[in-house]
Amino acid sequence: MIDFKQLAHDYKTPLYVYDFDYMSAQYEELKLAFKGRKSILAYAVKANSNLSVVRHFAKMGSGADCVSIGEVRRAFLAGIPAYKIIFSGVGKTDDEICEAIEKDILYINIESEAELSRVEMMAKKLAKVSRISIRVNPNIDPKTHPYISTGLHDNKFGVDLSSAKRMYIKANNSEYLDPVGIHFHIGSQLTELDPIRESAEIVADLVRSLAGINIELKFFDIGGGLGIKYDDEATIKPYDYAQAILGCLNALDLTILCEPGRFLTANAGYFVSKVLYEKQNGAKKFVVIDGAMNDLLRPALYSAYHKITAITDSKAEPRAVDIVGPVCESGDFFAKDYPLPKLNHNDLVVVHSAGAYGFGMGSNYNSRGRSAEIALEDGKARMIRKRETFEDLIALETEFLEG
Ligand code: LLP
């Protein structure tokens with residue numbers, strides 16, 4: 001049991017708390033699912049990019065899936081070796097491409113024909129060979145929230161099968177490109193296996209057809225997306241996930257690259273807030289807490305459900321309340337009509353499953369400093385990011401800089 005009261009007392013609120021031991025257990029479970037097969041788990045840094053979190057996975061042998069050069073730099077700083085770092089994303093700049101080539105990462109994931117030409121141009125300029133993988137968009141409906149679906153032609157990600165083949169041929173003929181991998185990622189918070197299996201089959205067929213023209217790939221990158229329990233949804237078991245993928249590969253001898261984010265960190269994280277006030281508008285009851293949408297955007301952005309518990313001495317019966325923050329937006333809520341008992345000033349409200357896409361999607365909206373972040377490991381708590389101060393918020397506003 002995590003002593004949220006003590007943590008709130010020691011570090012103040014609002015506060016992010018991450019259970020590092022839980023992250024380790026998730027990593028081990030997924031790694032074990034691919035046992036007996038060459039595999040790399042490349043942690044999707046975007047899920048939670050705190051350096052201590054990334055270093056935690058680095059120590060376990062993880063690679064990193066990055067979507068900006070900032071994330072690549074984080075991965076390096078956290079101790080992830082270059083040969084386990086990949087760089088994806090539809091809009092890489094020339095500078096980002098050059099830095100990735102110079103850092104000699106495992107491969108750059110290419111998301112369009114135009115980008116392939118750009119990477120070739122940059123590699124030529126640097127007189128280097130760039131290892132690449134191509135992100136295939138298999139046009140499969142992942143059956144998740146439309147904002148986190150990525151594997152349909154309606155989505156901006158990847159290229160269709162025929163373009164992919166053309167691009168592999170082009171890359172194979174280039175003295176500056178080395179096509180080593182193939183990639184697909186159809187969406188996030190996936191709770192059904194069939195769309196994943198179907199996509200893997202389509203992509204594995206392309207690998208076979210490429211082998212037929214002597215383009216031999218080494219990495220089969222299945223993206224991330226494994227869903228977790230926010231509520232009581234049925235989820236995919238890592239073992240079944242791995243078996244489904246392996247079933248599509250048959251005799252293909254490829255290293256599997258998997259890019260889990262949410263699966264590793266979401267349920268390790270808690271967002272802890274204090275109750276400021278209760279109020280009532282007509283029949284509607286609100287609990288106002290000191291955390292807000294700038295700290296955790298998922299409910300406002302996706303109407304995402306997060307389980308919430310209150311830490312209180314109140315013995316009152318639960319009633320339906322909206323749990324809201326101080327930001328000046330009606331979208332600033334954590335839950336609507338959620339059953340909580342009458343709460344008192346300074347009682348705690350804990351938002352669960354906050355370890356992925358929580359802090360990282362935060363902002364300074366309303367000039368609110370970001371929360372502190374705390375790691376729990378081996379029964380001990382330590383601060384891994386300080387609470388932002390007003391001075392931090394204005395530090396880059398040039399006309400007010402000192403000197
Ligand atoms: N690989 C690629 C290429 C991705 O685009 C993503 C996530 C991942 C791996 C990691 O996916 P995961 O295992 O975490 O599902 N902000 C949204 C999620 C956006 C996911 C974007 N891509 C949310 O809060 O639900």
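These legends describe close-up views of a ligand and the two domains of a predicted model.

**Figure 1. Two domains make up the chain.** Domain 1 covers 4-15 + 267-394, and domain 2 covers 34-260. These bounds come from an automatic or database domain assignment. The centres of the two domains, taken over C-alpha atoms, are 34 Å apart. In domain 1, 15 residues are in contact (heavy atoms within 4.5 Å) with 14 residues of domain 2.

**Figure 2. The ligand lies between the domains.** Domain 1 and domain 2 both give residues to the shell around the ligand, so it lies between them.

**Figure 3. The shell holds 19 residues.** A residue counts as near the ligand if one of its heavy atoms lies within 4 Å of it. Ser-188, Glu-259, Arg-262, Arg-298 and Tyr-357 come nearest. By class, the shell has six nonpolar, seven polar and six charged residues. Here Asp, Glu, Lys and Arg count as charged, Ala, Val, Leu, Ile, Met, Phe, Trp, Tyr, Cys and Pro as nonpolar, and the others, Gly among them, as polar.

**Figure 4. Ligand oxygen atoms pair with Ser-188, Gly-261 and Tyr-357.** These are polar contacts, pairs of N or O atoms within 3.5 Å. From Ser-188, a polar side-chain atom lies 2.4 Å from a ligand oxygen. Gly-261 uses a backbone N or O atom, at 2.9 Å. Tyr-357 uses a side-chain N or O atom, at 2.6 Å. Alone, the ligand exposes 590 Å² (Shrake-Rupley method, 1.4 Å probe), and the protein buries 91% of that.

**Notes on the model.** Residues are numbered from 1 along each chain as its sequence is written. In this predicted model, local features need pLDDT of at least 70, side-chain atom pairs count only at pLDDT 80 or more, totals for chains, interfaces and linings use all residues, and side-chain values use heavy atoms, leaving out hydrogens and water.

Technical notes:
A polar contact is a pair of N or O atoms within 3.5 Å; within protein, one must be able to donate a hydrogen and the other to accept it, and residues adjacent in sequence count only if both atoms are side-chain atoms.
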